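Here is a short briefing on one protein chain. It covers strand pairing, helix packing and charged side-chain contacts.

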Amino acid sequence: QRQTTTTPPETGVGRAMRRTFGRIWGSLMGTKPPESPVIPTKPQATPAQSSAFKASRSIPRNSVLRTRAVSVTSFDLPHIQKLFQDLKRIAKRENLLSLAAPQVGLSFRVFVLDLSNKPKDGELSIIVNPEVLEQSKLRVAADEFCCSLPGFTVSVPRPQEIEVSYQTEQGEHVETSLKGLMARCFLHELDHLEGKMHTDYAKSPYDISERRNLDLISEEGLVTLLKQQQRILIKERKLQKKLKR
């Protein structure tokens, strides 16, 4: 029977001596011991970024901003006509290129869009029951701002060009192509009609950028939007309680 020998495990002192001997031998032979690899540290999000990330995900799933809006079937109803005018008025006052009905507390598939890309001088168009028919394969990422969560932007990849269909405020059907900024605004507002916000594209708080010293929407306009959303939520909750009874 062949005799076998086992090597005792190396102790911490033994490892330290081996490393020290290696450094001495390397200095004598004119070589340097291999350097330890530098592991990059993951950037940390600011408190504001973390708060915005958490706030966007804490919006109740049954709220108007998180539910799919309903289609408009009758265009001559008083509350629908009032919605059209309110969207135009608020967007014009705040110099917004676009604004969706859920952002003012009403769950209808309606948004206003300035197709001329001139917030101060352009004519705002009412977009009703919008759909995307085709979209280009080329996607471009760009920062997007939303007045539902002002002060923060998120880089969102979107198609450069899209073919869309919608109805006007008179109920007429339109098919057209949009590209660049207009395509981005159209898709941004269409996300709102599906209960999706631009911060949903952020995979972590670090993906949300702060926009400081930038007056994107007045305090009066923001308060108006929030109050309208709050009133609608209160009505929805009262209606749900009645239905449960």
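Which side chain does arginine 93 meet in a salt bridge? The partner is glutamate 94, at 3.0 Å from N to O. The model is a predicted one. In it, the salt bridges come to ten. A small antiparallel set of strands, β4-β5-β8, forms an open sheet.

**Sheet**

- The sheet has three strands, in the order β4-β5-β8, with antiparallel pairing.
- β4 (139–145) and β8 (208–210) are the edge strands; each has a single partner, so one side of each lacks a neighbour in the sheet.
- From one strand to the next, the twist averages 35 degrees.
- Seven bridges join β4 to β5 (residues 152–159) in the antiparallel sense.
- Glutamate 144 has valine 154, in β5, as its bridge partner.

**Helices on the sheet**

- Helix α2 (residues 47–57) lies across β5 and β8. Its direction is at about 130 degrees to β8.
- Helix α4 (residues 181–193) also packs on the sheet, where α4 touches β4 and β5. The angle between α4 and β5 is about 110 degrees.

**Salt bridge between two loops**

- Arginine 66 pairs with aspartate 200, and their closest N and O atoms are 2.6 Å apart.
- Arginine 66 sits in the loop between α2 and α3 (78–93), and aspartate 200 in the loop between α4 and β8, so the pair ties together parts 134 residues apart in sequence.
- Arginine 66 has 7% relative accessibility; it is buried because that is under 20%.
- Aspartate 200, at 26%, counts as partly exposed.

**Salt bridge between sequence neighbours 93 and 94**

- Arginine 93 is partly exposed, at 34% relative accessibility.
- Its partner, glutamate 94, is buried at 7%.

**Salt bridges at the sheet**

- Glutamate 144 forms a salt bridge with arginine 158, with 2.6 Å between the closest N and O atoms.
- This pair links strand β4, which holds glutamate 144, to strand β5, which holds arginine 158; the two residues are 14 apart.
- Glutamate 144 is buried, at 4% relative accessibility.
- Arginine 158 is buried as well, with a relative accessible area of 5%.
- What links Glu144, Arg158, Arg184 and Asp191? They belong to a network of salt bridges.
- In general, side chains of opposite charge can pair when their charged atoms come close.

How values were computed: Residues are numbered from 1 along each chain as its sequence is written. This is a predicted model: local features need pLDDT of at least 70, side-chain atom pairs count only at pLDDT 80 or more; totals for chains, interfaces and linings use all residues. Side-chain values use heavy atoms; hydrogens and water are left out. Two strands pair if DSSP finds at least two bridges between them. Helices (H or I, at least four residues) and strands (E, at least two) are DSSP runs, numbered from the N terminus. Axes are lines fitted to C-alpha atoms, for helices over the stretch in contact, and angles run from 0 to 180 degrees between N-to-C directions. Contact means heavy atoms within 4.5 Å. A salt bridge is a side-chain nitrogen of Lys or Arg within 4 Å of a carboxyl oxygen of Asp or Glu. Buried means under 20% relative accessible area, exposed over 50%, partly exposed in between (1.4 Å probe, protein chains only).
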